[in-house]
Number of protein chains: 2
Amino acid sequence: MSDKYDSLKLENQLCFPLYSASREITRTYQPFLEKIHLTYTQYITMMVLWEHESMNVKSLGKYLLLDSGTLTPLLKKLEEKDLIVRKRNKEDERNLIIELTDKGRELKEEALSVPQSIIAKLNLSQEEAIFLYKILYKIIQQLQECSNKN
Amino acid sequence: MSDKYDSLKLENQLCFPLYSASREITRTYQPFLEKIHLTYTQYITMMVLWEHESMNVKSLGKYLLLDSGTLTPLLKKLEEKDLIVRKRNKEDERNLIIELTDKGRELKEEALSVPQSIIAKLNLSQEEAIFLYKILYKIIQQLQECSNKN
DNA sequence: AGCAATTAGATTGTATACAATTTAATATAA
DNA sequence: TTATATTAAATTGTATACAATCTAATTGCT
């Protein structure tokens with residue numbers, strides 16, 4: 001019952017459920033993030049800033065694996081919401097420093113309930129969660145090594 | 001060394017590596033798909049059609065977990081490339097039937113080498129791949145049940 | 001039959017992603 | 001030191017995603 005086209009069936013792909021699960025999760029976040037007026041990408045950006053307070057766009061991109069084409073407009077929106085300020089580094093004007101505002105810092109409190117809400121919905125065992133976590137980072141690392149070679 | 005904000009650290013998220021891994025994989029596909037002039041989303045759409053030959057937009061969306069807002073412009077592009085034809089169902093004019101063209105069918109041969117190229121780059125063991133596959137579908141199913149409740 | 005509800009796609013508007021290019025600032029090398 | 005290379009962001013253009021709304025076709029109900 002197998003033919004040479006089996007590898008081209010959607011159900012035999014590993015990448016497709018990865019892509020779909022990622023989007024489903026983002027969709028799951030949405031009602032929770034709506035309450036604090038953030039999109040998913042804005043939320044993970046704020047996460048990095050909540051932990052590090054201040055950072056240039058380049059470093060932010062390294063944490064988030066996003067480039068300036070994505071981050072520049074996103075950061076401008078966060079600035080419009082008064083959650084961050086954007087200012088050039090005096091030492092090196094090429095660098096744009098992103099800093100939390102008081103309002104941005106305060107949002108951290110409101111965000112505290114979000115992770116638990118999502119974890120509850122995922123309904124994974126501890127072992128499953130840990131395994132998934134490890135394997136995903138393994139994939140990310142593996143693919144980044146690949147692309148750096150070229 | 002733990003504080004109440006630990007749950008808001010990027011490194012403690014499960015969703016972030018899922019989101020990043022998904023994008024990394026899509027990026028990994030790109031050079032291979034470029035050769036057959038498809039984007040990743042166009043590729044998985046073609047996969048469904050290679051297996052089923054003919055299908056309306058609604059069904060396609062069920063397989064791909066995508067809605068008409070995404071599919072309509074995508075399908076128009078596939079039609080421009082002469083890979084598919086779009087025509088209304090005579091029985092029920094609300095349905096738009098998507099069918100492969102000869103050129104679309106032929107593309108299947110050229111796509112045959114793609115899955116192996118990607119699997120090779122992922123560098124996962126059989127067990128890891130199977131576990132990952134299962135858990136991702138579990139997540140997708142779980143989250144879809146959640147959203148259907150509301 | 002006639003009209004309200006439902007259904008399938010299309011459209012609109014917003015927000016990513018990201019390759020490729022551009023711009024401005026800084027570092028480096030002849 | 002001055003032309004060249006490199007670097008960091010911004011910009012441009014294309015392609016998704018997706019909520020919300022709209023439109024046309026069909027179904028169901030009375």
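**Polar contacts and surroundings of the DNA strands**

Colleague: What makes A:Lys76 a polar contact partner of DNA strand D?

Modeller: In this predicted model, an N or O atom of the A:Lys76 side chain sits 2.7 Å from a phosphate oxygen of DNA strand D. The cut-off for such a pair is 3.5 Å, so this one counts as a polar contact.

Colleague: And why does A:Val57 qualify, too?

Modeller: Here a backbone N or O atom is 3.1 Å from a phosphate oxygen of DNA strand D, which is within 3.5 Å, so the pair is a polar contact.

Colleague: Nice! Which elements of chain B give two or more residues to the surface near DNA strand D?

Modeller: Helix H2 (40-52) and helix H4 (68-80) of chain B do.

Colleague: Let's turn to DNA strand C. How do you know that B:Tyr19 makes a polar contact with it?

Modeller: An N or O atom in the B:Tyr19 side chain is 2.4 Å from a phosphate oxygen of DNA strand C, and the limit is 3.5 Å, so the pair is a polar contact. B:Tyr19 is also one of the residues that come nearest to DNA strand C, among the 29 around it.

Colleague: What share of the DNA strand C atoms within 4 Å of the protein belongs to sugar and phosphate?

Modeller: They account for 80% of those atoms.

Colleague: How do the residues near DNA strand C divide by class?

Modeller: There are 5 nonpolar, 11 polar and 13 charged residues. B:Tyr19 falls in the nonpolar class, because Tyr is counted there.

Notes
Residues numbered from 1 in each chain as written. Chains lettered and ligands numbered in written order. Predicted model: local features only at pLDDT ≥ 70, side-chain atom pairs only at ≥ 80, totals over all residues. Heavy atoms only, no water. Polar contact = N/O pair within 3.5 Å; in protein donor to acceptor, adjacent residues only side chain to side chain. Helix = DSSP H or I, 4+ residues; strand = E, 2+ residues; numbered from the N terminus. Near = heavy atom within 4 Å.
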